[in-house]
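Me: I want the reasoning behind the labels, not just the labels. Take me through this model step by step.

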Amino acid sequence: DGVRVRGPFRPAWHEGDTPRLVIIDTEGLGHTVDSASSISTKFTRLIAEADAVTLVDSSKHPIQAAPTALLRSLARTGHGAKLHICFTHFDAVTGDNLPTPADRALHVVKACDGVLARIGQDLGVFAERPLRARVRDASFFLADCHRKFEADDDELTVPEFRRLLQSLQ
């Protein structure tokens, strides 16, 4: 059903008091039959109590039914500003038209456009805007987690990605 973890989570470089952090990892969306069409009241209550909500979704097939239901719920309840998205399997996003990490990232994020536009049509532009801002500012791409990171890797940095997204708008 879920796990609630509490502890002194802080990076080694952090000085001073350890900030209060509670992580609640719930059963994944789409892991139950009825979860793809709506978000349960239990999840809605957890979202209301949380400071942040992290949606973990696959880059290979981003924003399918269950993530769409979560985005719609966040927009409907006014919690869109809490959203963070971790797109996994970013290394599996390939294609002749996607030669660079920036191209791949834009391809994944563009998959959100249709869902966000529908949310805007159904719930209004003020429900859509916070979600668009979070997709732009709080999307993270996870790839090659088994590899050791090398300083000279040609990867897209967060500021570069934000600049790319802003140029599209």
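Reply: Start with the terms: helices are DSSP runs of H or I with at least four residues, strands are E runs of at least two, and both are numbered from the N terminus. On that basis the pattern along the sequence is β-β-α-β-α-β-α-α-α-β-α. The protein has six helices and five strands. This is a predicted model.

Me: How do you know how far to trust the prediction, and where is confidence lowest and highest?

Reply: pLDDT is the predictor's confidence on a scale from 0 to 100. The protein averages 81, and 72% of the residues score at least 70. Helix α6 (residues 158-168) has the lowest confidence, with a mean of 62, while α4 has the highest, at 95. Over residues 31-35 the pLDDT falls below 50, and that stretch has five contacts in the model beyond near neighbours in sequence.

Me: What makes β3, β4 and β5 one sheet, and in which order do they stand?

Reply: Two strands pair if DSSP finds at least two bridges between them. β3 and β4 have six bridges, in the parallel sense. β4 (residues 83-88) and β5 have three, also parallel. Both pairs pass the cut-off of at least two. The result is an open sheet of three strands in the order β3-β4-β5.

Me: Why are β3 and β5 said to stand at the edges?

Reply: β3 (53-58) and β5 (139-141) each have a single partner strand, so one side of each has no neighbour in the sheet. From one strand to the next, the twist averages 20 degrees.

Me: Which residues show the register between the strands?

Reply: Thr54 stands opposite His84 in β4. On the other side of the pairing scheme, Phe87 has Phe141 in β5 as its bridge partner.

Me: What makes β4 largely enclosed?

Reply: Buried means under 20% relative accessible area. Five of the six residues of β4 are buried, so the strand is largely enclosed by the rest of the structure.

Me: Why is α3 also described as largely enclosed?

Reply: The reasoning is a count again. Seven of the ten residues of α3 are buried, so this helix is largely enclosed by the rest of the structure. They are Pro101, Ala102, Arg104, Ala105, Leu106, Val108 and Val109. For the protein, 31% of its 169 residues count as buried.

Me: How do you know whether α4 and α5 are parallel or antiparallel?

Reply: Helix α4 (residues 113-123) and helix α5 (residues 125-137) pack at about 155 degrees, with their axes 7 Å apart. Angles over 145 degrees count as roughly antiparallel. The two helices are therefore roughly antiparallel to each other.

Me: What makes up the contact of α4 with α5?

Reply: By class, there are eight nonpolar, one polar and three charged residues. The α4 side consists of Asp113, Leu116, Ala117, Ile119, Gly120 and Leu123. Facing them in α5 are Val125, Ala127, Glu128, Leu131, Arg132 and Val135.

Me: Where does α2 lie relative to the strands?

Reply: Helix α2 (residues 65-77) lies across β3 and β4, and runs at about 155 degrees to β3.

Me: Why is His79 called buried?

Reply: The cut-off is under 20%. His79 has a relative accessible area of 18%, so it is buried. It sits in the loop between α2 and β4. Beyond residues up to four places away in sequence, His79 touches Ile47, Ala48 and Leu74.

Me: What about Phe43 in helix α1: buried or exposed?

Reply: Phe43 belongs to helix α1 (residues 41-49). Its relative accessible area is 15%, so Phe43 is buried. Phe43 and Ser73 lie 30 residues apart in sequence and 9.7 Å apart in space, C-alpha to C-alpha.

Me: Which label, buried or partly exposed, goes with Ile63, and which with His89?

Reply: Ile63 is in the loop between β3 and α2. At 7% relative accessibility, Ile63 counts as buried. His89 is in the loop between β4 and α3 (101-110). At 42%, His89 counts as partly exposed, since that label covers values between 20% and 50%. Ile63 has a positive phi of about 55 degrees although it is not a glycine. For His89, also not a glycine, phi is positive at about 55 degrees.

Note on methods:
Residues numbered from 1 in each chain as written. Predicted model: local features only at pLDDT ≥ 70, side-chain atom pairs only at ≥ 80, totals over all residues. Heavy atoms only, no water. Axes fitted to C-alpha atoms, helices over the stretch in contact; angles between N-to-C directions. Contact = heavy atoms within 4.5 Å. Parallel < 35°, antiparallel > 145°, perpendicular 65-115°, else oblique. Nonpolar A, V, L, I, M, F, W, Y, C, P; charged D, E, K, R; others polar. Buried < 20%, exposed > 50% of the residue type's maximum accessible area, 1.4 Å probe, protein only.
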